[in-house]
Amino acid sequence: MPALILPLIEAAAHWPARGALIGLDLGTKTIGVAVSDPDRRLATGVTTIQRKAFKADAARLAEIAAERSVVGFILGLPINMDGSEGPRAQSTRAFARNFSQLTALAIGLWDERLSTAAVERELIGTDMSRARRAEVIDEHAAIFILQGALDRLSRKQL
């Protein structure tokens, strides 16, 4: 049976109370990957995957998930500023549908509007070179996405 694909709060109901989550920033050329601690307080960058074919990308993500004993996935959903979904959001949903066939772990979708722009400003503020920013931006965007989702989940429990 394919994994469930749900908005973040609904997906959280299908994850155990403890256990690491993986956050993904899906780009056209790369996938930024971040992981949380088992208590879901802090997101940490893991890697940036250079996209190849879907099956190779999915296999690498499954490998990372197994290595880190994760219990669920969070995908950044790039919604337009007016709340509509454009081609990138549709592409993310398609990736989630395809990936759900290969995992039993519920997939939560999290609005990632402006995450890359916020991360870019932060990296520029640290006086990081353009070349170095290009190397790390997707991983940092995944951290930003996952941390935002973790913060939202922690507020849900109050």
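This briefing describes the sheet, the cores and selected residues of the structure above. The model is predicted. Its sheet is open and has 6 strands with mixed pairing, and strand E3 (residues 30-36) is largely enclosed by the rest of the structure, because 7 of its 7 residues are buried. Helices H2 and H3 both contact this strand: H2 touches E3 as it packs on the sheet, and H3 lies across E3 among other strands.

**Sheet architecture**

- The strands follow the order E1-E6-E5-E2-E3-E4 in an open sheet of mixed pairing.
- Strand E1 (5-7) and strand E4 (43-50) form the edges, each pairing on one side only.
- On average, and with direction ignored, neighbouring strands of the sheet are turned by 30 degrees against each other.
- E2 and E3 are antiparallel, paired over 5 bridges, and they form a hairpin with 3 residues between them.
- E3 and E4 also run antiparallel, joined by 7 bridges; in their hairpin, 6 residues lie between the strands and Arg40 takes a positive phi near 60 degrees.

**Strand E3 and its bridge partners**

- Two sets of side chains leave E3 in opposite directions: Thr30, Gly32, Ala34 and Ser36 point one way, Ile31, Val33 and Val35 the other, and all are buried.
- Val33 of E3 is the bridge partner of Leu24.
- Ala34 of E3 is the bridge partner of Gly23, and the partner of Ala34 in E4 is Gly45.
- Thr30 has a relative accessible area of 10% and is therefore buried, since the cut-off for burial is under 20%.
- Beyond its close sequence neighbours (up to four places away), Thr30 touches Asp25, Thr48, Ile49, Gln50, Arg51 and Asp138.

**Nonpolar cores**

- In soluble globular proteins, nonpolar side chains tend to be buried together.
- The largest nonpolar core has 23 residues, of which Ile22, Leu24, Ile31, Val33, Leu61, Phe73 and Leu75 touch the most other members.
- Two or more residues of this core come from each of strand E2 (20-26), E3, helix H2 (54-67), strand E5 (70-77), helix H3 (87-100) and strand E6 (107-111).
- Another core lies apart from the largest one and comprises 17 residues, including Leu8, Ala12, Ala34 and Ala149.
- With residues up to four places away in sequence left aside, the contacts of Ile31 include Leu24, Leu26, Ile49, Leu61 and Phe95, together with Asp57 and Arg51.

**Helices on the sheet**

- H2 packs on the sheet with contacts to E2, E3, E4 and E5, and its direction makes about 155 degrees with that of E4.
- H3 lies across E1, E2, E3, E5 and E6 and runs at about 160 degrees to E5.
- The length of H3 agrees with expectation, because its 14 residues should span 20 Å at 1.5 Å a residue and its end C-alpha atoms are 20 Å apart.
- Ala89, Thr92, Phe95, Ala96, Phe99 and Ser100 are buried in H3; these residues lie on the same side of H3, because they cover an arc of only 130 degrees around the axis.
- The cover over the buried residues of H3 includes E1, E2, E3, H2, E5 and E6.

**Arg132 in helix H5**

- Arg132 belongs to helix H5 (residues 130-156).
- A relative accessible area of 40% makes Arg132 partly exposed.
- Arg132 and Glu63 are separated by 69 residues in sequence and by 26 Å in space, C-alpha to C-alpha.

How values were computed
Residues numbered from 1 in each chain as written. Predicted model: local features only at pLDDT ≥ 70, side-chain atom pairs only at ≥ 80, totals over all residues. Heavy atoms only, no water. Helix = DSSP H or I, 4+ residues; strand = E, 2+ residues; numbered from the N terminus. Buried < 20%, exposed > 50% of the residue type's maximum accessible area, 1.4 Å probe, protein only. Contact = heavy atoms within 4.5 Å. Core = buried A, V, L, I, M, F, W, Y, C linked by side-chain atoms within 4.5 Å. Pairing = 2+ DSSP bridges. Axes fitted to C-alpha atoms, helices over the stretch in contact; angles between N-to-C directions. Expected span 1.5 Å × (residues − 1). Arc of directions from axis to C-beta.
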